Amino acid sequence: MNDMRFTERAVVEDKKIAAKGVQVYYGSNHAIKDVNVDILDKTVTAFIGPSGCGKSTFLRCINRMNDTIDIARVEGDILLDGEDIYDAKVDPVQLRAKVGMVFQKPNPFPKSIYDNVAYGPRIHGLARTKADLDEIVEKSLRRAALWDEAKDRLEQPGTGLSGGQQQRLCIARAVATSPEVLLMDEPCSALDPIATAQVEELIDELRERFSVVIVTHSMQQAARVSQRTAFFHLGELVEYGETGQIFTNPEDPRTESYITGRIG
Amino acid sequence: MTDASIAGAAPEPKKSSLLVQDARTRKRNAAEARFRMYGLGAVCTGILALVLLLASILSNGLSSFQQTYITLEVALPADKLDKNGNRDRAEMAKVSTFGYQPLIAAAMEQKMTARGISVEGLSAKDAAGLVSKEAPAQLRNFVLANPDVLDTTRTFEFLASGRVDGYYKGRVSMETAQLDKNISPEQLQLADILLEEGTLETRFNWRFFTAPDASGQRPEAAGLGVAILGSFYMMLVVLCLALPIGVATSIYLEEFAPKNRITDLIEVNISNLAAVPSIVFGILGLAIFINFAGLPQSAPIVGGLVLTLMTLPTIIISTRASLKSVPPSIRDAALGVGASKMQSVFHHVLPLAAPGILTGTIIGLAQALGETAPLLLIGMVAFVREYPAAPPEGFFDPASALPVQIYNWTQRSDPAFVERASGAIIVLLAFLLVMNAIAILLRRKFERRW
Amino acid sequence: MVIDNAHIASAFDRDLEAIQALIMKMGGMVEEQISDAAKALENRDEELAETVRLRDNQIDDLEAKINEEAARVIALRAPTAGDLRVVLTVIKMSSNLERIGDYAKNMAKRSSVLLQLQEIDNAFAALRRMSRDVESMLRDALDAYMKLDVEMSESVILRDKEVDQMYNALFREFLTHMMEDPRSITACMHLHFIAKNIERMGDHVTSISEQVIYMVSGEMPDEDRPKGDRTSVAIGE
């Protein structure tokens, strides 16, 4: 039994995303300084660090959400399965179908639960028939552990759910387009502890199929859900490694100061 | 060390009772009480002004929704109205309203003799003066429309003259009639007798909403029909032009346009346009649409175009505000699942902004509906008795507009028009009220929580 | 160890289960060590004694692993209340078990030496009995841990008195032997240390049982448990 737990902890060492020498500038502000990181497949990777350390910025580089900000400029390479996502030929819309995102505040569309989940598959043409779509919706809601609570009220507005349910709905919506990578930008910061625990449990389950990258303010959350942790400080990637090792015996003194609550 | 510095920085707390107000607190409370009084005073002044306005308009105008009618049996002799006897409309039309006038006098006289009514010093002609000058025209129109009625006697309901009408609305009295060359006390006595007898009655005035304008001599016949239709056509033009142009402009500026000097300039100019006096738009309309483009004067299309120009900034500003109020998280969510920029705007942002946009549009329309100054300059102040045709030709026919009609009536000498103008104001206010109510309802209905 | 309600974070449950599985595995190994050491002594089985000595390394490794895992759970999961007591108990139990393992190893070492010395009547059988008692106490203590059984733990604590009394008896017996025949002193000294080791094992098992009571109830049992070891005040007669 115990051995099972330890093999479970072992992660697939397949690189999903490789970032090499990534620099991000907001106007004249150098927000990300030369970040090199390999994000593994079927692994939860947590980005931690003090506010303004660039962890969210880096996360938003991975699905090019920074494109919507005029003054942001990204240099360096970010490879998804070996393909440069900043290549001129890459359409960000297509990229975002592969790299889903869940945001800090639960932001369901003010539509029915069904339409929320079905939106992505619809615009990407993933379902040919209504039955296909129904199946995708059910599967996604199940995967987001929301099916039992939502199956009798699919036509009710998604905004009528509780905060935690809304966030799981957003996860279901992100999962519905069958992404390969799921980015989460502080997905639990607006949730109460129980809802947080449920979302965390969900993230742990999602690891079976996706590579999950989560930005979090809560070190405890990073400790709980991730297998790999990256510590950002002042735009630099200070330390990246196995979560247990980062939290019990970090190598860099800055990491130790941060996780023990001495800088922040 | 740190303790010492902290102790030095903060003053010692003073011991005082909570039950006693100190001077400072008293002063602050007094200032607050004064401010409340000012605010209350301002609100009361506003309410008082509103009440006065409504009271004066209602007291003057409500009576215009009542109208006095006289019912007469008129013989229509063929020898007088169709001298050739061949029922040819072109020839019958040669008989002018003067040819019909004696028929009414005869009908009046016949009624009085039949019922044995007589008023001292009142001739049959004077008795016919109770009936509106509009009556012969009404009779003539009827006969021309139905030539077979010749040589029969038909019952007609005629408008009473403005003075008689005013008598029953308290505007005219026996004393004022003494001095009035248009009416005499004897005529009023006759009117009273007719009223008792049931020939003359006062009831709700539908004609006020449907009839066209009438000359200054017959206020009793004047109605808002052409003005309402003209205003309606203009609103149609404004809605069809201003809404799509305004919404498209706002969406482009708000969601797609890069933020640079040119867009900044455009933005400032739109805000400035909203502040441009409306009469300037009238001059613009006159110069461009009438003098340059050669569109007809007094036409709803020109009025609509001018009002569109005037309403656009309002719609753009309110649309942009409601687009801005859509939380960015919704846009992020749409982009996050792989929607394109346009999909995110049209699938999510626009539906959420729709109530705000509709409200802004309706407010803009209401503003346009009440606008007078630019319409004066493009000739909508003309005296129009013909209804404009159905759209789209109707857009090019001369028409009037509600506010211009009000302006027009207030210029006329007969005091009966004061009543008509007030009535028209009530109609206009009712339209505005309805539009605002619709705006509020729409907002209530579509407003969503996110 | 069974926790009635599962955590929302199932990974937390799996972590806790993994640690507890490790401690049970360690307990099983230690039981075997005690039994084998006693067997080696009784049967004068040099080979078995050697096995026991070598196997102690595995127990030490297990202890290190349990401590590492416990530290990991504390660092990553921030356990509270019952969960925290489970982790604290596990850490202390692992060190207790490790000490018991060391004593067993020491027994095995001494039994190799005893092979070359003369036999003392009765002594092996008495030691065997004593070690069997301690072994069953340990088994019950671990059982009580699994079942969260406070009563069973308390009975284990009471049974330590018997072990102590057996030790007292042996102490006197060895003392008599040594007084009668000075040549037996070496053997008796070794045997006495073995007896002392077994008695110390009993104390550690008691400590484990106390930890179980703490884990379940949140309070440490009273200190005035029955103590049967009077040798600290014994004088040779």
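**Exercise 1. A:Ala145**

Is A:Ala145 buried, exposed or partly exposed? Decide, then place the residue in its chain.

*Solution.* The model is predicted. Step one: count neighbours. A:Ala145 has 18 other C-beta atoms within 10 Å. Step two: apply the cut-offs. Buried needs 20 or more, and exposed means 12 or fewer. A:Ala145 is therefore partly exposed. Step three: locate the residue. A:Ala145 sits in the loop between helix 5 (130-143) and helix 6 (147-150) of chain A. Step four: check the backbone. The phi of A:Ala145 is positive, about 55°, although the residue is not a glycine.

**Exercise 2. C:Leu148**

Find where C:Leu148 lies and state its burial class.

*Solution.* Start with the place. C:Leu148 belongs to the loop between helix 4 (123-147) and helix 5 (150-180) of chain C. Next, the backbone. C:Leu148 is not a glycine, yet its phi is positive, at about 55°. Now burial. There are 18 C-beta neighbours inside 10 Å, so C:Leu148 counts as partly exposed. Last, confidence. Chain C has a mean pLDDT of 89, and 94% of its residues reach 70 or more. Within chain C, confidence is lowest in helix 1 (residues 10-43), at a mean of 91. It is highest in helix 6 (residues 185-217) of chain C, at 93.

**Exercise 3. Two helices of chain B**

Compare the end-to-end span of helix 10 and of helix 17 of chain B with the expected span.

*Solution.* Take helix 10 (residues 185-197) of chain B. Its 13 residues should span 18 Å at 1.5 Å a residue. The end C-alpha atoms are 18 Å apart, so the two values agree.

Now helix 17 of chain B. It has 29 residues, and a straight helix would reach 42 Å. The end C-alpha atoms are only 36 Å apart. Look along the helix for a bend. A kink of about 50° lies at B:Ala354, shortly before the proline B:Pro355.

**Exercise 4. The buried side of helix 10**

List the buried residues of helix 10 of chain B and say what they pack against.

*Solution.* The buried residues are B:Gln187, B:Leu188, B:Leu190, B:Ala191 and B:Leu194. They cover an arc of only 155° around the axis, so they lie on the same side of helix 10 of chain B. Their partners in chain B are strand 1 (66-75), helix 6 (124-128), helix 8 (162-168), helix 9 (174-179) and strand 3 (200-204). Then follow the chain onward. Just after helix 10 of chain B, B:Gly198 takes a positive phi of about 100°.

**Exercise 5. B:Val247**

Which residues does B:Val247 contact, beyond its neighbours within four places in sequence?

*Solution.* First, the place: B:Val247 is in helix 12 (residues 225-256) of chain B. Second, burial: with 21 other C-beta atoms within 10 Å, B:Val247 is buried. Third, contacts: the partners are B:Thr319 and B:Ile357. Fourth, a distance. The C-alpha atoms of B:Val247 and B:Leu312 are 9.3 Å apart, with these positions 65 residues apart along the chain.

**Exercise 6. Chain contacts**

Describe the side of chain B that touches chain A.

*Solution.* Count first. 18 residues of chain B are in contact with 21 residues of chain A. Helix 16 (328-336) and helix 17 (341-369) of chain B each give two or more residues to this side. Helix 16 of chain B supplies the largest share, 6 residues. By type, the side divides into 8 nonpolar, 6 polar and 4 charged residues.

Then widen the view. Of the 2 pairs of chains that touch, A and B have the most contacts. Chains B and C do not touch, and their nearest C-alpha atoms are 27 Å apart. For the complex, the predictor gives an ipTM of 0.84 and a pTM of 0.74.

Conventions:
Residues are numbered from 1 along each chain as its sequence is written. Chains are lettered from A and ligands numbered from 1 in the order in which they are written. This is a predicted model: local features need pLDDT of at least 70, side-chain atom pairs count only at pLDDT 80 or more; totals for chains, interfaces and linings use all residues. pLDDT is the predictor's confidence in each residue, from 0 to 100. Helices (H or I, at least four residues) and strands (E, at least two) are DSSP runs, numbered from the N terminus. The expected span of a helix is 1.5 Å times one less than its number of residues. The arc is that of the directions from the helix axis to the C-beta atoms. Two residues are in contact if their C-beta atoms, placed from the backbone, lie within 7 Å. Ala, Val, Leu, Ile, Met, Phe, Trp, Tyr, Cys and Pro count as nonpolar, Asp, Glu, Lys and Arg as charged, and the others, Gly among them, as polar. The bend at a residue is the angle between axes fitted to the seven residues ending there and the seven starting there.
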